[in-house]
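Thanks, everyone. I'll take a few minutes on how the helices pack in this one. Please look at the structure first.

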Amino acid sequence: MPEKRTLQRARKKAREGKSPSTVAGEFVREEIEDIRKGKHGARSTKQAIAIGLSKARRAGVPLPGKGKRTRKKAAPRHIHGQYVSGKRSRAVTRPLKREPRRAASHRALSRQAHRAARTRQQHR
């Protein structure tokens with residue numbers, strides 16, 4: 001479940017009328033922080049971002065699935081942390097603890113951003 005602080009930040013962005021992807025960025029930020037703190041790791045930066053986006057979807061941010069666009073604004077009243085059973089939580093966290101921490105490094109994030117930008121430019 002996302003931290004209270006993350007949910008508050010996400011709701012604030014939604015109230016400001018920011019796009020769903022911007023609101024979801026708060027959940028991605030939390031995920032990167034968790035990896036940097038050493039709570040768990042990720043195999044790649046892409047995986048770290050995917051986990052953050054998954055948290056955002058669970059919290060109620062109207063994000064599109066891969067390849068689809070959305071026009072809806074993120075409504076602050078819909079953004080809530082969703083309960084996850086302890087069993088499932090442990091099942092997800094244990095393998096992540098074995099993964100490396102370098103996925104959240106400054107260098108890895110920079111490299112991922114450049115790659116993402118490059119693919120965006122090719123589609124123009």
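Start with α1 and α2, which pass each other in a right-handed crossing. This is a predicted model, so take everything I say as read from a prediction. Helix α1 covers residues 4-15, and helix α2 covers residues 20-37. Two numbers describe a packed pair of helices: the angle between the axes and the distance between them. Here the angle is about 160 degrees, and the axes lie 8 Å apart. Anything over 145 degrees counts as roughly antiparallel. So α1 and α2 are roughly antiparallel to each other.

Who touches whom? On the α1 side, it's Arg5, Thr6, Leu7, Arg9, Ala10, Lys13 and Ala14. On the α2 side, they meet Thr22, Val23, Glu26, Phe27, Arg29, Glu30 and Glu33. By class, the contact of α1 with α2 holds 7 charged residues, 5 nonpolar and 2 polar.

Next pair: α2 and α3. Their axes come within 8 Å and cross at roughly 130 degrees. That angle makes α2 oblique to α3. The crossing of α2 past α3 is right-handed. From α2, the contact residues include Ala24, Phe27, Val28 and Ile35. From α3, they include Ile49, Gly52, Leu53 and Ala56. What is the class make-up of the contact of α2 with α3? There are 11 nonpolar residues, 4 charged and 1 polar.

Now the cores. In soluble globular proteins, nonpolar side chains tend to be buried together. The largest nonpolar core in this model has 12 residues. Among them are Leu7, Ala10, Ala14, Val23, Ala24, Phe27, Ala56 and Ala59. Val61, Leu63, Ala74 and Ile79 belong to it too. At least two residues of this core come from each of α1, α2 and α3, the last being residues 45-59. There's also a second, separate core, with 7 residues. Val28, Ile35, Ala42 and Ala103 are among its members.

Look at Ala14 for a moment. Set aside its neighbours within four places in sequence. Ala14 then contacts Val23, Ala74, Ala75, Pro76 and Ile79.

Last stop: Glu99. You'll find Glu99 in the loop between α4, residues 86-97, and α5, residues 106-122. Is Glu99 buried or exposed? The cut-off for buried is under 20% relative accessible area. Glu99 has 15% relative accessibility, so it counts as buried. Which residues does Glu99 touch, not counting those up to four places away in sequence? They are Gly41, Ala42 and Arg43. One of those, Ala42, came up a minute ago in the second core.

Notes. Residues numbered from 1 in each chain as written. Predicted model: local features only at pLDDT ≥ 70, side-chain atom pairs only at ≥ 80, totals over all residues. Heavy atoms only, no water. Axes fitted to C-alpha atoms, helices over the stretch in contact; angles between N-to-C directions. Helix = DSSP H or I, 4+ residues; strand = E, 2+ residues; numbered from the N terminus. Parallel < 35°, antiparallel > 145°, perpendicular 65-115°, else oblique. Left-handed = near helix turned anticlockwise from the far one by under 90°. Contact = heavy atoms within 4.5 Å. Nonpolar A, V, L, I, M, F, W, Y, C, P; charged D, E, K, R; others polar. Core = buried A, V, L, I, M, F, W, Y, C linked by side-chain atoms within 4.5 Å. Buried < 20%, exposed > 50% of the residue type's maximum accessible area, 1.4 Å probe, protein only.
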